[in-house]
Amino acid sequence: MIAWRKHKGNPSPVLEHLPIPEPPPSGFLVKLLASGVCHSDQALLDVEDRPHFDDVYTLGHEGCGEIIKIGHQVNDPRFKLGDRVALLAVPGCGQPSCSDCSRDLPQLCPNGQHHGIGQDGFYAEYVAIDARGAIPVPDAVSSAAAAVATDAVNTAYHGITRRAEVQPYETVFLFGLGGLGFNALQIVQSIGARVIVSDLRQEKLDAAVDHGLPPGDIVRKGMSIPDFVAQNGLEGRIDTVLDFAGTNQTFRDAQQIVRRGGKILCVGTLDRKNELDMKIGIRKRLSIIFSYGGQYEDLVEVLDLIARGVIQPQVETRSLLEFPHVLKDLCDGKIKDRVALVAQ
């Protein structure tokens, strides 16, 4: 099979021919049907200082595929040959002794497989995966949508519903309508909360209008966020800020506009370091919430929402062989939303 590999010391992906792996006793051999491309793929290519990473591994952490072999220890009736499954990159080790898995935080587990994040992932024609990382895909969900749902939708869903616990009666301010942020918009809309959005790209704001957002709940490009809040009578009414940009500016604005006792969910990392105003945080009694990835149960719910048309991930498909070009286009801002790679 072919696979795009990260070699330690080389910031460029390498296309290699590898043997097709065997399924683990407790899992499957999956023929990959679609693999999502993410900005973090470039960060993974650039990183060299993580000692737990393999020196050489297959990239790709968003996947969907077809089960073609089943390990002899698997007796789960939900899975059979030919079934499509969405693939969790970090399913956790599942051991009761694990300090993360035992607290229902498998996405933080350091001991289980980390597909595409230091260990073999999904930019290949086949992958071996434990059954803990496989979720049945409803017939109404395309393989491309299922692939990007494992991260681009699941991360947003976990953060909004489990971490920030957004409620229907809230007013929510959303920074960033990129690959995750546009899915976040749809998730908040499905909850029934009011959502106000800001983005630097006019085409993203136009897409939000097309998706049913009232023009009055869209910050005009170039307008000051505190000014918008003041002019629209929203002071003291923003319950939750969802920061899917993570810049110095958006984090400063979030602290200014959120109400007393409010919440700021941090997901975006466009700036690695941001400044917290301790006086504002303490006087307002703010909850600053960080979120990472999503969990099995989240992805089950996400796939159901996609199947019912409640969430519609924006995704196009390209050939697996085009990965380097697609990643460059994504990092250069030439990709509208998300791309899933498919083997030819």
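Arg285 sits in the loop that runs between helix 7 (278-284) and strand 13. The model is a predicted one. The phi angle of Arg285 is near 55 degrees, which is a positive value in a residue other than glycine. Most residues other than glycine have a negative phi. With a relative accessibility of 64%, Arg285 counts as exposed, because the exposed class begins over 50%.

Asp104 also has a positive phi, near 60 degrees, and is not a glycine. The loop that holds Asp104 connects strand 6 (84-87) and strand 7 (126-130). Its relative accessibility is 43%, so Asp104 counts as partly exposed. The table sets out the two residues.

| Residue | Phi | Relative accessibility | Class |
|---|---|---|---|
| Asp104 | near 60 degrees | 43% | partly exposed |
| Arg285 | near 55 degrees | 64% | exposed |

Strand 13, which follows the loop of Arg285, belongs to an open sheet. This sheet has five strands in the order 10-9-11-12-13, and the pairing is parallel. Strand 10 (194-198) and strand 13 (287-290) are at the edges; each has a single partner strand, so one side of each has no neighbour in the sheet. From one strand to the next, the twist averages 20 degrees. In general, the strands of a sheet are held in pairs through backbone hydrogen bonds.

Within this sheet, strand 11 (residues 238-243) pairs with strand 12 (residues 258-266) in the parallel sense, over five bridges. Val241 stands opposite Ile264 of strand 12. Helix 6 (residues 248-257) packs on the sheet and touches strand 9 (171-175), strand 11, strand 12 and strand 13. The direction of helix 6 makes about 155 degrees with that of strand 12.

The remaining values describe the whole chain. There are nine helices and 15 strands. The radius of gyration is 20 Å, close to the 20 Å that the globule rule gives for 344 residues, so the chain is as compact as a globular protein of that length. Along the principal axes, the C-alpha atoms fill a box of roughly 60 × 40 × 40 Å.

Of the 344 residues, 54% count as buried. Among contacts between residues at least 6 apart in sequence, 69% join residues at least 24 apart. The chain exposes about 15,800 Å², and carbon and sulfur atoms supply 50% of that area.

Note on methods
Residues numbered from 1 in each chain as written. Predicted model: local features only at pLDDT ≥ 70, side-chain atom pairs only at ≥ 80, totals over all residues. Heavy atoms only, no water. Pairing = 2+ DSSP bridges. Helix = DSSP H or I, 4+ residues; strand = E, 2+ residues; numbered from the N terminus. Axes fitted to C-alpha atoms, helices over the stretch in contact; angles between N-to-C directions. Contact = heavy atoms within 4.5 Å. Buried < 20%, exposed > 50% of the residue type's maximum accessible area, 1.4 Å probe, protein only. Rg over C-alpha atoms; globule rule 2.2 N^0.38 Å. Areas by Shrake-Rupley, 256 points an atom, 1.4 Å probe, with all protein chains shown as cover.
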